[in-house]
Amino acid sequence: MHYSHLREANARRCDQARRRMTSLSLALLFALIGCSGNNIFRKAQMAESSGDWDAAVIHYLEAVRIHPQNIAYRAALMRAKIQAAQAHFKKGKQFRAAGVLERAMIEYRKAVELDPTNQYAESELRKVVEEIAAVRAGRKPRTIAEMKAG
């Protein structure tokens, strides 16, 4: 009988130790997740500082995925998306001016995907798509005045 009491006490101690280890493991896991979110956020800030807006968007998206409730991460993501969209729009204009319509279309499309509220980018995307279609069909692209007239 005396031994069964010791076995029960030992089993209770083992259960308590297991629970403590599980709690400790969970705490460590949450700490690591928090650190990885901060590390990713720092990478995003570094990309932003160097003007690499696409990389900043990717890192901010990951930080928001890990910490969806973090308003600072969400605001930074929104800011980076707008900046990246502007950079792609600018590249699109440069490619269009150079007559590289396919590449202009890609850049305008990226701008619209990053900032769907940018109506100017959407308008320029439609125009360049129309120009590409006209070139492929062997037609002369319409002028701005022709586009305005309908």
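# Packing in a six-helix chain

Ala76 touches Phe41 and Tyr60, leaving aside residues up to four places away in sequence; here contact means heavy atoms within 4.5 Å. The model is predicted, so local features need pLDDT of at least 70 and side-chain atom pairs count only at pLDDT 80 or more, while totals for chains, interfaces and linings use all residues. Residues are numbered from 1 along each chain as its sequence is written, and side-chain values use heavy atoms, with hydrogens and water left out.

## The chain

The chain has six helices and zero strands, and its elements run α-α-α-α-α-α from the N terminus on. Both kinds of element are DSSP runs numbered from the N terminus: helices are H or I, at least four residues, and strands are E, at least two. Of the 150 residues, 29% are buried (under 20% relative accessible area; exposed is over 50%, and partly exposed is in between, with a 1.4 Å probe and protein chains only). The chain exposes about 10500 Å², and carbon and sulfur atoms supply 59% of that area. Accessible areas come from the Shrake-Rupley method with a 1.4 Å probe; for residues, only the protein chains shown count as cover. Among contacts between residues at least 6 apart in sequence, 43% join residues at least 24 apart.

## Helices H2 and H3

Two packed helices are described by the angle between their axes and the distance between the axes. Helix H2 (residues 53-66) and helix H3 (residues 71-97) pack at about 155 degrees, with axes 8 Å apart. This angle makes H2 roughly antiparallel to H3. Axes are lines fitted to C-alpha atoms, for helices over the stretch in contact, and angles run from 0 to 180 degrees between N-to-C directions. Angles under 35 degrees count as roughly parallel, over 145 as roughly antiparallel, 65 to 115 as roughly perpendicular and the rest as oblique.

H2 passes H3 in a left-handed crossing, where the near helix is turned anticlockwise from the far one by less than a right angle (clockwise is right-handed). The contact includes Trp53, Tyr60 and Leu61 of H2 and Tyr73, Ala76 and His88 of H3. The residues of this contact divide into 12 nonpolar, two polar and four charged. Ala, Val, Leu, Ile, Met, Phe, Trp, Tyr, Cys and Pro count as nonpolar, Asp, Glu, Lys and Arg as charged, and the others, Gly among them, as polar.

## Helices H4 and H5

Helix H4 (residues 101-114) and helix H5 (residues 119-136) also pack at an angle of about 155 degrees, with their axes 9 Å apart. H4 and H5 are therefore roughly antiparallel to each other, and their crossing is left-handed. Among the residues that make the contact are Met105 and Tyr108 of H4 and Glu124 and Val128 of H5. By class, this contact has 12 nonpolar, no polar and six charged residues.

## Three buried residues

Ala76 lies in helix H3, Met105 in helix H4 and Glu124 in helix H5. The table gives the relative accessible area of each residue and its C-alpha distance to one partner.

| Residue | Relative accessible area | Partner, sequence separation and C-alpha distance |
|---|---|---|
| Ala76 | 2% (buried) | Leu61, 15 residues, 9.6 Å |
| Met105 | 14% (buried) | Val128, 23 residues, 6.1 Å |
| Glu124 | 7% (buried) | Lys93, 31 residues, 8.5 Å |

Not counting residues up to four places away in sequence, Met105 touches Leu125, Val128, Val129 and Ile132. On that basis Glu124 touches Phe89, Arg96 and Tyr108.
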